[in-house]
Amino acid sequence: VGVPGLVLALLYLKVRDYDTVKLAPGLDAKRKSLGETVKHIARIMARCLLYNAGDGGLSLIDRFETGGSGTCHLTLSPDGRYVFAANYSSGSLFGVEVDGQGRFGRQTTFIQHQGSGPYPKRQQGPHAHFVSFLPDGEHLLCCDLGIDRVLPRYHPADGSLTPDKALDIALPAGEGPRHFACTPDGRHLYIAGELSSNVLHY
């Protein structure tokens, strides 16, 4: 996250009883220290977590509520100063700063998407699914599966996000964009449609 030895993670678990959670080998010793966090996450509110991994283990140093539900993807700004996340279930995008010590600072943005798609079971409302920067380091794109859009945002130095309609991509109805990849020169964008199983080129 721009600070050596730190790891950014997203924890989103639906559990009724913490004792039933199966941890990966080697993490059993961490069960007690993680217990409080897991029980809180069980309330269906996701958190961004910052861990210190300098000693080969993981110790929680900070956390931040994402402001939505079903948070499914995180990305870090190229300068390492801001974290942005896509909230799938609530269909929103949020951002928070990370300071020089690797702790979360102020929330910089929160954007609630609006709309729906033709498939009621999967597109009854917005579902922000993936968020990442273009190679220019200034534009952030967010795939929203629920409204068949890839929404571009301009990212200035203060961590806020401003809509950039010139890059807005409205996909054919029912595509359900899940992920995108851009060539290093920024000239070609490939979008994966989860509902259509198509790959679209722009």
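The exercises below, with worked solutions, concern a predicted model.

**Exercise 1.** State how many helices and strands the protein has, and what share of its residues is buried.

Solution. Begin with the secondary structure: the protein has 1 helix and 15 strands. Next, take burial: of the 202 residues, 45% are buried. Then turn to the accessible surface, which is about 10,300 Å², with 52% of it belonging to carbon and sulfur atoms.

**Exercise 2.** Determine whether His127 is buried or exposed, and find what its side chain reaches.

Solution. First locate the residue: His127 lies in the loop between strand S7 (104-112) and strand S8 (128-133). Second, classify His127: its relative accessible area is 6%, and the cut-off for buried is under 20%, so His127 is buried. Third, look for polar partners. The His127 side chain reaches the backbone oxygen of Tyr88 at 2.9 Å. With the side chain of Gln124, the His127 side chain makes a polar contact of 3.4 Å. Fourth, set aside neighbours within four places in sequence; the residues in contact with His127 then include Tyr88, Ser89, Arg122, Cys143 and Asp144.

**Exercise 3.** Work out the strand order of the open sheet of 4 strands, and identify its edge strands.

Solution. Start with the order, which is S4-S5-S6-S7, with antiparallel pairing. The edges are strand S4 (71-76) and S7, each of which pairs on one side only. From one strand to the next, the twist averages 20 degrees. Finally, examine one pair: strand S5 (residues 82-87) and strand S6 (residues 92-98) run antiparallel and are joined by 6 bridges. Within this pair, Ala85 has Phe94 in S6 as its bridge partner.

Notes
Residues numbered from 1 in each chain as written. Predicted model: local features only at pLDDT ≥ 70, side-chain atom pairs only at ≥ 80, totals over all residues. Heavy atoms only, no water. Helix = DSSP H or I, 4+ residues; strand = E, 2+ residues; numbered from the N terminus. Buried < 20%, exposed > 50% of the residue type's maximum accessible area, 1.4 Å probe, protein only. Areas by Shrake-Rupley, 256 points an atom, 1.4 Å probe, with all protein chains shown as cover. Polar contact = N/O pair within 3.5 Å; in protein donor to acceptor, adjacent residues only side chain to side chain. Contact = heavy atoms within 4.5 Å. Pairing = 2+ DSSP bridges. Axes fitted to C-alpha atoms, helices over the stretch in contact; angles between N-to-C directions.
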